[in-house]
Structure formats: structure tokens, C-alpha cells
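Ready for some practice in reading a protein structure? Take a look at the sequence and the model, then work through the exercises below.

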Amino acid sequence: MIKSRTQKRVLVISTAAATVKGWLASAVGTNFIVEIHTATSGIEGFQKFTELRPDMVLVDDNLEDMNGMSFSAITKSTIQGDDVKILVYNVKQLLPYNKADEMLPAVNTQEELKSILSMVVKTFFEDLYIKTVYREEIEAKKIEQYNELPKPLSNNPYFDINYIFSPFEELSGDGFDYWVGNSGSSGLYGFLFDCTGHGNKSYALVGSIRSVLRKSVKLYQLQYLPNLGKLMEDVNFDVFNTSPGNEPSPTAAIVFYIDYQSEMLHYCSAGIPGFYIKGKMDTAYRQIECENPLIGFAPNEMLVDVIGDNPFVERQLKITDINEIIFSSDGFNEIVYHHDDLPKKMAKHDDVSAITIKLKRS
């Protein structure tokens with residue numbers, strides 16, 4: 001059975017397939033002509049899968065004739081299953097070698113299941129549309145975003161630096177950079193930022209935010225800006241004056257400078273809720289909480305009227321007894337130490353970025 005380029009198919013396999021089909025009718029969007037087909041057993045699912053060659057399969061793990069993960073393991077290993085996204089839901093016990101692209105644990109209510117499945121299907125077809133229409137452009141941007149990342153640092157006498165960069169979709173709204181001062185200086189300069197949202201729309205903001213932050217940190221490094229609070233004011237000023245209609249999208253950011261000689265960390269956050277440190281005697285990381293408004297939330301003069309003469313405040317932290325520092329985006333902060341308190345019932349729902357700095361001790 002041949003499909004047109006714009007025609008897509010979803011196969012729902014569940015004893016309640018008709019109900020699930022009704023839930024998804026408004027989630028598929030209008031970018032494609034989407035047919036939703038159903039099967040009420042695994043055996044019928046195999047037949048429909050072979051006949052229809054769907055783009056996406058939602059399979060309940062609790063079928064009457066087999067486990068949904070077994071269905072996934074079998075179909076993903078067929079020649080037709082290579083390019084099909086298979087999601088297994090209502091999972092109560094994880095089975096190895098299930099080959100599912102995504103799995104969702106059992107939830108408490110039908111309304112919760114409806115919401116999650118609808119969101120997954122909606123996101124799948126939105127992403128598929130972007131991939132279909134903008135494939136070459138996206139591939140170029142993916143290369144670009146990785147080229148902009150700094151190199152891990154291991155040959156410095158004072159710091160070992162590595163990072164995590166994990167987009168939620170193909171393109172990330174996060175960004176960061178760091179570098180060691182000139183002439184053998186032990187000072188480490190850097191920043192991390194998190195644009196609102198994720199994906200292509202969020203990524204469109206990344207280049208300009210990175211450029212503004214780089215410029216302002218360089219000015220601070222050259223001592224044209226007296227502290228990191230004034231640096232963040234400079235960033236906020238530029239963001240408003242370079243945004244169309246002076247209406248920028250608010251962005252969370254943190255800038256930092258580590259002076260190894262004086263063993264002092266200087267930092268200023270703008271909407272990043274905190275960062276993590278690990279002391280010499282610590283067995284776990286602990287969070288240092290931060291404040292200050294987001295970049296692009298309001299012009300500096302408005303912030304001064306509400307907050308005072310210094311709307312962005314630099315903080316300092318003695319690092320004599322600290323071995324490790326982690327600066328990270330919200331996507332990381334909302335996962336670390338939040339096992340049972342995730343903002344959404346998903347293993348990951350946002351871009352995740354983190355800079356890990358290990359301080360070398362003689």
C-alpha cells in the first residue's frame with residue numbers, strides 16, 4: 001500500500017484502541033494528512049503493521065495476547081520497522097531488548113494518559129514536519145551548534161573542564177562558552193544561557209545571545225566593566241537594543257570568573273536558579289541558590305526603578321575547600337535530585353546543558 005509524501009499513518013494497538021484513537025484526533029495537527037488505525041491485539045497489530053507501514057505505533061504494554069514490549073522488539077527488528085517510531089505505554093515492568101523508541105510508565109488516570117499520548121503524537125508530527133521541510137537547513141544548523149561549543153579542557157594546571165550538551169530536539173536553545181585568561185593567567189571566564197523553550201524556534205535566538213555574552217565577558221576581562229553585575233546590565237542593554245521592537249524573548253543566564261590565585265569564584269545569575277558545588281569532604285553536590293531577573297525581562301532603567309541602582313548583583317564564593325563546580329541550565333536543574341518531583345512525568349522534557357569544572361589541587 002503506497003502512501004503519498006504528505007499522508008501519514010498512526011497505528012494504535014490496545015484493547016481500548018478506539019478510545020485512544022478519539023483522543024489523538026486533535027493532536028495530529030494539520031501539516032500532514034494523518035490516518036489513525038487501530039488493532040485490539042498483538043496478532044492483529046502485526047497484520048496491520050505489515051499492511052499499513054505506519055509512521056508511528058502506540059502499543060499498550062498490557063495486551064491480552066502478548067506484552068507490548070515484545071511486540072516492539074519483534075517489529076523493530078523487521079525491515080519495515082527501521083524507520084517507524086514505536087512507543088510502548090502503560091509499562092509496569094521494564095523488559096530488556098524491547099527496542100522501543102520510547103516507553104511511558106503506567107499512570108493513575110485516563111485523563112493523564114490522554115494528555116501524555118496526545119502530547120507525544122503532537123510533538124512527533126511537528127518534528128516530522130520540520131525535518132521534512134527543513135532537513136538540509138537543520139543538518140547545517142546541527143553542525144553549526146556543535147562547532148560553537150568550546151573544547152573540553154584537561155591540560156590546564158588549574159582546571160579540568162568538561163560539559164553535557166543534550167538538546168531536547170535536534171536543535172537546542174542552550175549555549176555556553178569558557179576560556180582561560182591570556183598570558184598564562186589562571187583565571188577562568190565563562191557563561192551559560194538558556195533561551196525560552198527549545199527546538200528550532202529557541203535555537204534562532206542562540207547566536208545573538210551568545211555573541212552579546214561573549215562581547216560583554218571580554219569587556220569584563222579587559223576591565224572595561226567593573227564587576228559581573230555591570231556585565232549583566234551591559235548584556236541586558238544590548239539584548240533590548242538589538243531585538244525587533246525592543247521586545248526580546250527572556251533568557252536565563254549565568255556568568256562567572258574563577259580566580260584560582262585568590263581562590264575566589266565571582267558569579268552573577270540572571271534567572272538561573274542556582275549552581276552546584278562539591279567540597280573536599282562532601283559525598284554529594286549541594287546547590288548554591290541564585291537570584292536576579294532574567295535577561296530581556298525588562299530594560300535596565302525599569303529594573304532600577306523597581307529593584308534599585310544595581311538590578312544585577314555579583315556574588316562571590318571562596319573556593320578553598322571546593323573541588324568541583326557545575327553550572328547548568330533548567331533542563332539539568334529540574335532533573336538532578338528530583339527523582340519523584342519532576343516537573344513533567346518524562347525522563348527529560350527540555351534542553352540539558354552543564355559545565356563541569358574540577359579544580360586541581362597540588
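Here are three exercises on this predicted model, each with a worked solution.

**Exercise 1.** Find the edge strands of the open sheet with the order β6-β15-β14-β11-β12.

*Solution.* Start with the sheet: five strands make it up, and their pairing is antiparallel. Next, look for strands that pair on one side only: these are β6 (159-166) and β12 (286-289). As you step from one strand to the next, the twist averages 20 degrees. Now zoom in on one pair: β14 (residues 322-328) and β15 (residues 352-359) are joined by five bridges. Within this pair, Ile326 has Thr356 in β15 as its bridge partner.

**Exercise 2.** Work out which parts of the chain the salt bridge between Asp160 and Lys360 ties together.

*Solution.* First check the distance: the closest N and O atoms of Asp160 and Lys360 are 3.4 Å apart, and the cut-off for a salt bridge is within 4 Å. Then locate the partners: Asp160 lies in strand β6 and Lys360 in the segment after β15, so the salt bridge ties together parts 200 residues apart in sequence.

**Exercise 3.** Decide whether Lys230 and Glu233 are buried or partly exposed.

*Solution.* Begin with the contact: Lys230 and Glu233 form a salt bridge. Both lie in helix α6 (residues 228-242), three residues apart, or about one helical turn. Now apply the cut-off: buried means under 20% relative accessible area. Lys230 has 29% relative accessibility, so Lys230 is partly exposed. Glu233 has a relative accessible area of 14%, so Glu233 is buried.

Definitions and conventions. Residues numbered from 1 in each chain as written. Predicted model: local features only at pLDDT ≥ 70, side-chain atom pairs only at ≥ 80, totals over all residues. Heavy atoms only, no water. Pairing = 2+ DSSP bridges. Helix = DSSP H or I, 4+ residues; strand = E, 2+ residues; numbered from the N terminus. Axes fitted to C-alpha atoms, helices over the stretch in contact; angles between N-to-C directions. Salt bridge = Lys/Arg side-chain N within 4 Å of Asp/Glu carboxyl O. Buried < 20%, exposed > 50% of the residue type's maximum accessible area, 1.4 Å probe, protein only.
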